[in-house]
Amino acid sequence: TLFEEAKVIPVLVFSDVATAVPTGTSLVASGPPVLEATLRTDAARDALSALVRALPEATIDVGTVLKA
């Protein structure tokens, strides 16, 4: 599966929407197209929307751990 192929899944925290697409594009180009975006910042939802639009070939997980 895609998750087995991805030895490491990058977990992304965006405080600036402008960095989302360049970061995601670089990561997808260099490995399996799997990313995880957190919802920890005010920019997170807009960054996630930008990633989904720009990287339709990527699998993008979303979530945030509130307590560990």
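What covers the buried residues of H3? The cover includes H2, S2 and strand S3 (59-62), and the close-up views described below are all taken from a predicted model.

**View 1. The packing of helix H2 against helix H3 (residues 44-54).** Two packed helices are described by the angle between their axes and the distance between the axes. For H2 and H3 the angle is about 45 degrees, and the axes are 9 Å apart. H2 and H3 are therefore oblique to each other, and H2 passes H3 in a right-handed crossing. The residues that meet are Ala20, Val21 and Gly24 from H2 and, from H3, Ala47, Ala50, Leu51 and Ala54. Sorted by class, this contact of H2 with H3 has six nonpolar residues, one polar residue and no charged residues.

**View 2. The buried and exposed residues of helix H2.** Ala20, Gly24 and Val28 are the buried residues shown in H2. Seen down the axis of H2, the buried residues fall within an arc of 45 degrees, so they line one face of the helix. An α-helix has 3.6 residues a turn, so residues three or four places apart point the same way. The buried residues of H2 pack against strand S2 (34-37) and H3, whereas Ala29 and Ser30, on the other side of H2, are exposed.

**View 3. Gly24 in its surroundings within helix H2.** Gly24 has a relative accessibility of 0% and so counts as buried, given that the cut-off for a buried residue is under 20%. Once its neighbours within four places in sequence are left aside, Gly24 is in contact with Leu35, Leu51 and Leu55. For one of these partners, Leu51, the separation from Gly24 is 27 residues in sequence and 6.8 Å in space, taken from C-alpha to C-alpha. Gly24 also belongs to the group of H2 residues, together with Ala20 and Val21, that meets H3.

**View 4. The buried and exposed residues of helix H3.** In H3, the buried residues are Ala44, Ala47, Leu48, Ala50 and Leu51. Around the helix axis they cover an arc of only 160 degrees, which puts them on the same side of H3. Arg45, Asp46 and Arg53 are found on the other side of H3, where they are exposed.

**View 5. Phe14 in the loop between strand S1 (11-12) and helix H2 (20-30).** Phe14 counts as buried because its relative accessibility is 7%. With neighbours within four places in sequence set aside, the contacts of Phe14 are Thr19, Ala20, Thr23, Thr41, Ala43, Ala44, Ala47 and Leu51. Among these contacts, Ala20 is a buried residue of H2, while Ala44, Ala47 and Leu51 are buried residues of H3. Ile60 lies 46 residues from Phe14 along the chain, and the C-alpha atoms of the two residues are separated by 14 Å.

**View 6. Ala37 and its contacts in strand S2.** Ala37 counts as buried because its relative accessibility is 3%. Not counting residues up to four places away in sequence, Ala37 touches Leu12, Leu48, Asp61, Val62 and Gly63. Of these partners, Leu48 is one of the buried residues of H3. Val17 and Ala37 are 20 residues apart in sequence, and the distance between their C-alpha atoms is 12 Å.

Notes. Residues are numbered from 1 along each chain as its sequence is written. This is a predicted model: local features need pLDDT of at least 70, side-chain atom pairs count only at pLDDT 80 or more; totals for chains, interfaces and linings use all residues. Side-chain values use heavy atoms; hydrogens and water are left out. Helices (H or I, at least four residues) and strands (E, at least two) are DSSP runs, numbered from the N terminus. Buried means under 20% relative accessible area, exposed over 50%, partly exposed in between (1.4 Å probe, protein chains only). Contact means heavy atoms within 4.5 Å. Axes are lines fitted to C-alpha atoms, for helices over the stretch in contact, and angles run from 0 to 180 degrees between N-to-C directions. Angles under 35 degrees count as roughly parallel, over 145 as roughly antiparallel, 65 to 115 as roughly perpendicular and the rest as oblique. A crossing is left-handed if the near helix is turned anticlockwise from the far one by less than a right angle, and right-handed if clockwise. Ala, Val, Leu, Ile, Met, Phe, Trp, Tyr, Cys and Pro count as nonpolar, Asp, Glu, Lys and Arg as charged, and the others, Gly among them, as polar. The arc is that of the directions from the helix axis to the C-beta atoms.
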